[in-house]
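Here is a walk through one protein model, written to be read with the viewer open. Have the sequence to hand as well.

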Amino acid sequence: MAKLTYKDSGVDKEKGYEEVKLIKKIVKETHGNEVLADIGGFAGAFLPNLKGLTNPVLLSGTDGVGTKIKLAMEMDKHDTVGIDCVAMCVNDILCQGGKPLFFLDYIATGKLDPKKMAELVKGVAEGCKDSGAALIGGETAEMPGIYKEDDYDLAGFAVGICDRDKLINGDKLKEGDIAIGLYSTGLHSNGFSLVRASMNQAKVSLDDKFNEDQTIGDKLLTPTKIYAKEIEALLEKVDIKAIAHITGGGLYENVPRVLRDTLAVEFDLRHLEVDPIFKKIQEWGNIDTDEMYHTFNMGVGMVVFVDEKDVKRALDKLDGKALVVGKVTKGNKDIKIIL
C-alpha cells in the first residue's frame with residue numbers, strides 16, 4: 001500500500017508558503033498604525049481611531065465578483081477582479097455613511113499557483129488603498145476535486161464605522177428630494193452571465209476589438225468604481241438623505257431598498273451618456289431595453305439623495321463625476337425611468 005502525502009492528494013503547502021512571501025509586501029502597503037498584527041497570524045488585529053465618534057457603530061459587507069471571474073480566467077488576467085471584490089463590499093458600507101476600516105479576502109482554487117494568487121491579492125490591495133481600508137487578513141484554499149485546476153473564486157468581507165447619529169438609512173427622505181447619479185465605470189460586477197450568453201449568441205470573442213485601444217475582454221474587465229473618496233467629500237459638505245449602490249437589478253431593484261413605503265422615484269435619464277459597452281451587449285443578445293435596465297447599472301453606479309437646496313453644492317464637490325438623474329415622489333417604492 002502506497003504512503004500518501006497531502007501533496008499526493010493535490011494540496012501543495014509549499015506553494016501556499018510561496019504565495020504568502022509574494023503578497024506580504026503588497027498587503028503591508030495597505031496598513032496604517034491601526035493594524036496591530038502582521039500577515040500570517042491567526043487573526044487580524046485592528047484598533048480603530050474613535051476620535052470624533054460619540055456613539056460608534058460598526059458596519060459590515062460581504063460579496064464576491066460573480067461570473068466576471070470567468071472572464072478573468074479566460075483572459076489569464078487576474079489583477080483587476082480583486083478591485084471588484086473590494087468595491088462590491090465597500091460600496092455597500094458607504095451607503096450607510098460608513099468609513100471603511102479593514103478588509104479580508106477568501107480565495108478558493110483547484111491548484112494553487114502562487115504568482116496568479118499574488119496577482120489577485122495585488123488587485124485586492126489596490127482596492128483597499130483606494131477605499132482607505134487595511135487588508136488585515138485572508139485565506140487561500142486549495143480545493144482539488146471541488147474546483148478545476150485553473151479555476152478559482154474570490155470573495156471578501158469589509159468592516160466600516162460610523163457615528164450612530166450620522167447613520168444614513170433613508171429615514172430623512174421626503175417628496176421633492178433630488179437623486180444624483182454617480183457615473184459607473186462600465187458594468188462593474190453584475191450581469192456577466194447575461195453578457196457571456198449574449199457574446200455566445202453573437203459569436204463574439206474576448207479578443208475582438210472594442211475600440212482602437214481595448215479588446216472587448218479588456219473593456220469588460222474594467223474594475224468596479226470605488227466611491228469612497230466621493231462619498232467622503234460629500235459628507236463633509238452635504239446632508240445626504242440616502243445612498244443606493246446600483247448592483248444587479250439596476251435602479252429598479254436597488255433604489256427601493258432605501259425608500260419608505262410612501263415614496264417613489266422618477267428617474268429622467270435622457271441626459272445620461274450610456275457607455276457603448278451596454279449598447280454592444282444589447283445588440284449581441286437582442287435584449288429588450290427594459291431587460292437591460294432591470295439587469296445592469298446602465299451608467300449609474302451609485303445614487304445619492306439630497307435636498308434640492310444642496311444639489312449645486314453636491315455637484316460642485318463631485319466635480320463632473322455625476323449628474324441629476326431623478327426626483328423623489330409619492331408612491332409605493334415605485335421606480336419610473338424616462339429614457
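What follows goes from the overall layout to the cores, a helix pair and a handful of single residues.

## Ground rules

This is a predicted model, so local features need pLDDT of at least 70 and side-chain atom pairs count only at pLDDT 80 or more, while totals for chains, interfaces and linings use all residues. Residues are numbered from 1 along each chain as its sequence is written, and side-chain values use heavy atoms, with hydrogens and water left out.

## Two domains and an annotated span

The protein chain splits into domain 1 (11-166) and domain 2 (177-337); the bounds come from an automatic or database domain assignment. Their C-alpha centres sit 24 Å apart. Across the boundary, 25 residues of domain 1 are in contact with 27 residues of domain 2, where contact means heavy atoms within 4.5 Å.

There's also a record to look at: an unreviewed UniProt entry carries the annotation "domain: RRM" for residues 256-339. Its positions are given in the numbering used here, its feature names are shortened, and annotations of this kind may be inferred rather than shown by experiment. In the model, that span is 30% helix and 31% strand, and its end C-alpha atoms lie 19 Å apart. Helices (H or I, at least four residues) and strands (E, at least two) are DSSP runs, numbered from the N terminus.

## The cores

What sits between the two domains? The largest nonpolar core does, because domain 1 and domain 2 both give residues to it. That core has 94 residues, and L220, V255, F267 and F305 have the most contacts inside it. Helix α3 (residues 81-94) is the top contributor, giving nine residues. Apart from this core lies another, of eight residues, including F46, L101, A134 and V159. A nonpolar core here is a set of buried Ala, Val, Leu, Ile, Met, Phe, Trp, Tyr and Cys residues joined through side-chain atoms within 4.5 Å. Buried means under 20% relative accessible area, exposed over 50%, and partly exposed in between (1.4 Å probe, protein chains only).

Pick out L220 to see some of the packing. Leaving aside neighbours within four places in sequence, L220 is in contact with K68, L71, L187, F192, V195, M199, L206 and I277. I226 is another one to click on: this residue is found in the loop between α6 and α7 and is buried, with a relative accessible area of 3%. Not counting residues up to four places away in sequence, I226 touches I83, V86, A87, V90, N91, G127, D130 and S131.

## A helix pair: α7 and α11

The axes of helix α7 (residues 228-237) and helix α11 (residues 311-318) come within 9 Å and cross at roughly 145°. Axes are lines fitted to C-alpha atoms, for helices over the stretch in contact, and angles run from 0 to 180 degrees between N-to-C directions. On the α7 side the contact is made by E230, A233, L234 and K237, and on the α11 side by R313, A314, K317 and L318.

Zoom in on K317 of helix α11. K317 is partly exposed at a relative accessible area of 36%, and touches A233, L234 and K237, again not counting residues up to four places away in sequence.

## Two positive phi values

Most residues other than glycine have a negative phi. H188 goes the other way, with phi near 60°. H188 is in the loop between β5 (178-183) and α5 (192-202), and its 2% relative accessibility makes it buried.

K203, not a glycine either, has a positive phi of about 55°. K203 is in the loop between α5 and α6 (216-220). Is K203 buried or exposed? K203 is exposed, with a relative accessible area of 74%.

## Two strand residues

K336 lies in strand β10 (residues 335-338) and counts as partly exposed at 48% relative accessibility. Beyond its neighbours within four places in sequence, K336 is in contact with V265, E266 and F267. The last of these, F267, is one of the residues with the most contacts inside the largest core.

G138 lies in strand β3 (residues 134-142) and is partly exposed, with a relative accessible area of 48%. Leaving aside neighbours within four places in sequence, G138 is in contact with L104 and D105. G138 and E283 are 145 residues apart in sequence, and 40 Å apart in space, C-alpha to C-alpha.
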